[in-house]
Amino acid sequence: MNIWQARVNNFIFLALCLVACFPALSMKLSVIFIIIYTCSSVLAGLVWNIRNITRVRIYELLMLLFPFLLILFRTSLTDPSPQSNFYLEVSMSLLAFPLAFFMIPIKIDKRKRGILNTIFIISTFVIVTYGLIKVAIKFSGHLGSDKFWKTPSDMLGDPSFAFLVRTVFEQSVSIHPTYASIFIGIASLILLDKLLRKFKTLTWNKKYLFYSSISLALLFLGILASRTPFIATMIAALVLFFMHLQKKMYALYVIGVMGIMTLFLILFVPSFSSRFKEISFSNTSLPTEQHENSFNLRTGIYKCSLEIISENCAWGVGPGNVQFKLNECYSNISKEVYDNKNYNTHNQFLDYWAGLGVLGPVSLLIILCYASYRNFKIQNYLVISLCILFLFALLTENLLNRQNGIVPFAYFLSLYFFENKTKEAT
């Protein structure tokens, strides 16, 4: 390796480190770093790495690019419109990250991935801590004998407490609590995987640091009260434990500990308990002006999404037309509840199916299944747990329609997709 290649490689990795800071950066700045990393990686790869590209790697690249190619085809040829162009623009990470990691001339080994994961974890904790401090400051200003809440009990007992926490948090850091919770879930799984892999060699001080960090992450999840990311993180963590534990029966103890932690959050974190109390079979009827909450709203959303799919199962209506069709359907359910709200499908598989046809959700399932299978063979269980987390997030959110959702999805899957087929060192 000559000196210029070494300098270029260092520059590419530095750009990648800046990309890994995306939780703590504005998305506009993150996009700039993504462009710099992608362009430098692709150009350098054309110079130094083009001969190392195999047919298998090309097939894997096409697999990762399949959703983007579908979107490109529909938005460019069959459904050209301003709405479709915006959909394509948001989806560019599905092209940038796979292509950049495919062409990158440097080997992203275990040490480099560790650095990138550490940067991501620190960035996540910093931005969430900052947001919750801003929430605490805001709330303290409304607490007192002559204020909105006279006592802390009044504040914590306010039925709108969870909504206010989530709203102020989003206003403070420009990240929706659901997506911030996904960041936290990813960070906690990375920490848990490292703890389980190195448990026997870690000192008690380092173990305590891991325990504290994971506990803090769970507390953050409870305060932000995003139901799906919390449940997905718990299930993914349980799977991670099960795969790492030599004695599988110990998984029962893990389930018990998770149950105790969940009970603690329900009893002592008001925002968490109020959000989860909305979940019930009796709360699945269609919303009305008198009875509306974040849970039963989804009943109408899923009803309309499935109606669109049933009428356009194979081909879809085009990504730019999905929201228009949904709004038409919402007006027939309750104009007062859904008017001017533009609720999306709240399920990425349904969104892709409604807009792109049946190949849309199939492309996502292929990526998640292949990434899990490939990393299971080399015993890299972290990726399997991340795929589980993403799977659940995709089931209740249009994760790939927002930059804060599509960036972590494309970044982490691409980061682990093209690695060598050798067993990870423990």
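The following exercises, each with a worked solution, concern a predicted model of a protein chain.

**Exercise 1. Determine how many helices and strands the protein chain has.**

Solution. Count each kind of element in turn. The helices number 20. The strands number 0.

**Exercise 2. Establish why the radius of gyration of the protein chain agrees with that of a compact globule.**

Solution. Begin with the length of the chain, which is 426 residues. For that length, a compact globule would have a radius of gyration near 22 Å. The protein chain has 22 Å, and therefore the two agree. As a further description of extent, the C-alpha atoms fill a box of roughly 70 × 60 × 45 Å along the principal axes.

**Exercise 3. Describe the burial, surface and contacts of the protein chain.**

Solution. First, take burial: with a cut-off of under 20% relative accessible area, 51% of the 426 residues count as buried. Next, turn to the surface: about 20,600 Å² is exposed, and carbon and sulfur atoms supply 66% of this area. Finally, consider contacts between residues at least 6 apart in sequence: 76% of them join residues at least 24 apart.

**Exercise 4. Characterise the largest pocket and state which residues lie nearest its centre.**

Solution. Start with volume: the largest pocket holds about 1,500 Å³ of space. Its lining comprises 50 residues, and those nearest the centre are His 176, Arg 298, Tyr 343, His 346 and Glu 397. Then identify the contributing elements: those giving two or more residues to the lining include α4 (82-90), α9 (177-197), α14 (297-311) and α19 (381-396). Last, sort the lining by class, which yields 20 nonpolar, 20 polar and 10 charged residues.

Notes:
Residues are numbered from 1 along each chain as its sequence is written. This is a predicted model: local features need pLDDT of at least 70, side-chain atom pairs count only at pLDDT 80 or more; totals for chains, interfaces and linings use all residues. Side-chain values use heavy atoms; hydrogens and water are left out. On a 1 Å grid over the protein atoms alone, a cavity is a set of points where a 1.4 Å probe fits but cannot get out, and a pocket is an open set with protein on both sides within 12 Å along at least five of seven lines; lining residues have an atom within 4 Å of a point. Grid points are joined across faces, edges and corners, and a volume is the space filled by probe spheres set on the points. Helices (H or I, at least four residues) and strands (E, at least two) are DSSP runs, numbered from the N terminus. Ala, Val, Leu, Ile, Met, Phe, Trp, Tyr, Cys and Pro count as nonpolar, Asp, Glu, Lys and Arg as charged, and the others, Gly among them, as polar. The radius of gyration is taken over C-alpha atoms; the globule rule is 2.2 Å times the number of residues to the power 0.38. Buried means under 20% relative accessible area, exposed over 50%, partly exposed in between (1.4 Å probe, protein chains only). Contact means heavy atoms within 4.5 Å. Accessible areas come from the Shrake-Rupley method with a 1.4 Å probe; for residues, only the protein chains shown count as cover.
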